[in-house]
2 protein chains.
Amino acid sequence: MSATTTLTELMEFQRGTEALSSVAERLMWDRETVMPRGAAEQRSEEVAAMEEVLHTRRTDPRVGEWLDGARPATAAETRMVELIDRDFRRASAVPPRLATELARVTSLAQGIWADARAAEAPEDFLPTLDEVVTLKREEAAAYVAAGFGGGDRYDALLEDYEPDISAAEISRLFEGMRPRLAALRDAVLGADRTPAPLSGHFGQEAQIRLARSCATAFGYDWTFGRMDIAVHPFSSGRWQDSRITTRVVESDPFNCLYSTIHEVGHSSYELGVDSDYAFTALGRGVSMGVHESQSRIYENQLGRSRAFAGWLFQRMEEMFGDLSAPDADAFYAAVNRVAPGHIRTEADEVQYNLHIMMRFDLERDLISGKLATDDLVEAWNARFLRDFGLAVDRPANGMLQDVHWAVGLFGYFPTCALGNVYAGCLNRALRRDVPELDEMLARGDAGPAVEWLRENVQRHGSLYRPRDLIEQASGAPVSEAPLLDYLDDKFGEIYEL
Amino acid sequence: MSATTTLTELMEFQRGTEALSSVAERLMWDRETVMPRGAAEQRSEEVAAMEEVLHTRRTDPRVGEWLDGARPATAAETRMVELIDRDFRRASAVPPRLATELARVTSLAQGIWADARAAEAPEDFLPTLDEVVTLKREEAAAYVAAGFGGGDRYDALLEDYEPDISAAEISRLFEGMRPRLAALRDAVLGADRTPAPLSGHFGQEAQIRLARSCATAFGYDWTFGRMDIAVHPFSSGRWQDSRITTRVVESDPFNCLYSTIHEVGHSSYELGVDSDYAFTALGRGVSMGVHESQSRIYENQLGRSRAFAGWLFQRMEEMFGDLSAPDADAFYAAVNRVAPGHIRTEADEVQYNLHIMMRFDLERDLISGKLATDDLVEAWNARFLRDFGLAVDRPANGMLQDVHWAVGLFGYFPTCALGNVYAGCLNRALRRDVPELDEMLARGDAGPAVEWLRENVQRHGSLYRPRDLIEQASGAPVSEAPLLDYLDDKFGEIYEL
């Protein structure tokens, strides 16, 4: 068989795999949005059947043979082969027994975690978490044995979420951020000016209507998407069908509005990928970090800007009458209010990365074996006190707050802060290239920003490695400095530091 | 390997196939209800990828080996093996080239049919229909060669929708019905009494609310279902997740309400199957005819009864104020109004079966080769005039009205009338066994009827052959007489014949 035929067959097979993986993803969307509540057991079996089909395809011996024989001719083909090869080697690295056991334990652990959190009883959860950690260490060892992670177990896990960067490199970025972030946080919390949060009652229907306007303002194309309600907002899908979800808290409209803009960022990335790459290995966002850079820059650098807040203030006044914020400046300050708190998902732009950095260090120690799960509560509480100057009052406000570790997501957390760093880099270049940005945002039109991001980031899909993509788009090496400069400027002004 | 192990492996493999087929069905539901309109191309690829996975499983050589080695010990196991064997032999009978070609042509034909119907131009559609018929004849021949249909091509196709009955047997039932149905139709249309249809404007939201009440009255369990809007109402799913759809015409609330009750019948059948059979070969309704018997008895014998109409009249008066029908009797007559018309989907209980019987004869002749597609319009129009005493005024009111033949559904139509015959048989037994039925229906509670149907029909899934199931449930041989007696009584009374 010729090398060209081999490549064609590989691509065709990959096309089927991508289509099936898209079906599996649609099934998860269905479960979280529209599925009847009595269908959980059936859905588990359906998901498991799809996973088995996908795993069988990913480890199909023919893929190995095609990969050996393929001779890619273009940069895009070379990259596709590289990505399929990585997927094939990773899927083949994990023994089926281990994969099954991991699926079983993490599925159980989710319920045990929820019960333990409700009962404020970490001791009910820690033995299960220990099982998860043990299995994840085994999985990591299997990846390392197959040549991943350069010998490091945590790096081998990280590669599922953020390939082509090591934990040591992330650590250097984070250590560069910590002192300036902590100093800014201390200055803000010690400032004389303390903006009031928005108070009042904001009806569900009106919030949803406004959220739709915000999504439209950020260029979300409803021809290829839709919005539903979910307990934890997420986005789902690719190519011609990427859907968003949101939630509504009637006392806090920013929850709904900024969740929506955040998910529009994720969905727009998927919808923005060059359609020539659809259902190929290049057809999706390239990493969690780059994905998060899109959702964060939509939500924060653009959505929480003074210009867009001004537009939003007017819309909300029209919709809800007089707000507790007397003017657009007070509204802008409410949108960006910094307050002490234990919960990561409620954190502001200044403190969010500190939450992540703490989790990153703790999970690296869990995987390396330096930290035992038995000592996790103590380690969490000590670290939280040190980083936030605040004692953990109860376990649900401490290490029981996130589900991630229960379901085996080790290596995922750092990508959130990495996304912020990337967003900082992109924002600097965007502001330089699009001088009319604020003028347009003030009119409720993020179009020029969205176009710039589509052109420089989104359309490339997985063609470039994450860091290369960001450096190429921003015209400078990836660094934490642009994010920190942006935060210092923005919060220095709001808090009159 | 022992025969027990062989059977276990076969069952386990079948479980995966059922789960994947359930996923494929969910994908179709999504397309017709919630899918963004720009996602058609992507969805086609997803559906095709799922079809390929399913076809590969259905024709997997291991299934043949397991079937050879399996020694079922119980009646349920014997029936499962029989059904898997049928599915395996049918899936293996069609050459892949033919299957691909059929999928391609029928997919194109749907659009060509829609355009031809809009343009009132049968000549634009007939060449494509001829391609479809030619391919279906080839497919039928392949089934016949594999031992299906007892040598008859039409019977071999029929088996996809209604196994274990021949076209000759159906024909005998239909020929028994025709004279009495025609006589009743003539008497009704010639009667002095001519009930007025319901007139007025009925808002979408109120109709949906009332449709939900109707679904609940018929025991639809919202824990395992949901209702959405679709262009053509359908039901979808099984076991713990069977969803219904409806549509709203604001001038005609019966469209929405009786579509809903009809689909509740289909969904309840699936939800009512013994959960021990879930994701086995017994886990679904046994045939289209039996399925239609459930939807029809819910819709007609129960939903369009005087008792239930009385309840519905009160609900509608509460909701919409005074109706054009002055009292419950006039309302009941409006619900059951018989009027001349060309369109099958708008037909009443009396004329519906005449529409079906005509299509049954024409499609048998198309498949046998006795009727050429070039002569179809003429044959249709002549037959319609003879059966309905009405000339076809334009093609969209004639042979262009239904999409079924375009998409290759030959053998499907007769199951609709067969379902009515089965419903007639069941209704006679139900009325005998549940004397309090009308009293409960008059209170908007179809519970006792639904329980009887669940106990006698629905819970058995595919355990029994269709006719055996109906005969066992009704305690008498299948015959058209109970349906005709019911129609004569009901319409004789309404039209004071």
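## Report on a predicted two-chain model

A:E120 lies in the loop between α5 and α6 of chain A; helices (H or I, at least four residues) and strands (E, at least two) are DSSP runs, numbered from the N terminus. This is a predicted model, in which local features need pLDDT of at least 70 and side-chain atom pairs count only at pLDDT 80 or more, while totals for chains, interfaces and linings use all residues. Residues are numbered from 1 along each chain as its sequence is written, and chains are lettered from A and ligands numbered from 1 in the order in which they are written.

**Backbone in two loops of chain A**

Most residues other than glycine have a negative phi. A:E120 has a positive phi, near 50°, and A:D164, which is not a glycine either, has a positive phi of about 70°. The latter residue, A:D164, is placed in the loop between α7 and α8 (167–189) of chain A. A residue is termed buried if 20 or more other C-beta atoms lie within 10 Å of its own, exposed if 12 or fewer, and partly exposed in between, with C-beta atoms placed from the backbone. A:E120 counts as partly exposed because it has 13 C-beta neighbours inside 10 Å; A:D164 counts as partly exposed with 15 such neighbours.

**Domains of chain A**

An automatic or database domain assignment supplies the domain bounds, and for chain A it gives domain 1 (3–155) and domain 2 (156–497). The centres of these two domains of chain A, taken over C-alpha atoms, are 26 Å apart. Contact is defined by C-beta atoms, placed from the backbone, that lie within 7 Å. By that criterion, 44 residues of domain 1 of chain A are in contact with 41 residues of domain 2 of chain A. Helices that each supply at least two residues of the side of domain 1 touching domain 2 in chain A include α1 (3–33), α4 (75–93) and α5 (96–118).

**Contact between the chains**

Between the chains, 30 residues of chain B are in contact with 30 residues of chain A. On the side of chain B that touches chain A, α1 and α2 (40–58) of chain B each supply at least two residues. The table gives the composition of two contacting sides; Ala, Val, Leu, Ile, Met, Phe, Trp, Tyr, Cys and Pro count as nonpolar, Asp, Glu, Lys and Arg as charged, and the others, Gly among them, as polar.

| Side | Nonpolar | Polar | Charged |
|---|---|---|---|
| Domain 1 of chain A, touching domain 2 of chain A | 23 residues | seven residues | 14 residues |
| Chain B, touching chain A | 14 residues | seven residues | nine residues |

Chain B is superposed on chain A by a rotation of 180° with 0.0 Å of shift along its axis (RMSD 0.0 Å); the fit is by least squares on the C-alpha atoms of residues with pLDDT of at least 70 in both copies. The two copies are thus related as by a two-fold rotation axis. The same surface serves both copies, as 100% of the contact residues of chain B recur in chain A.

**The sheet of chain B**

Chain B holds an open sheet of three strands in the order β1-β3-β2, with mixed pairing; strands pair if DSSP finds at least two bridges between them. β1 (227–229) and β2 (235–238) of chain B stand at the edges with a single partner strand each, so one side of each has no neighbour in the sheet. Four bridges join β2(B) to the antiparallel strand β3 (residues 241–246) of chain B. In β3(B), B:R243 is the bridge partner of B:S236, and B:I244 is that of B:S235. β2(B) and β3(B) form a hairpin with two residues between them, and B:W239 in the turn has a positive phi of about 55°.

How values were computed: Contact = placed C-beta atoms within 7 Å.
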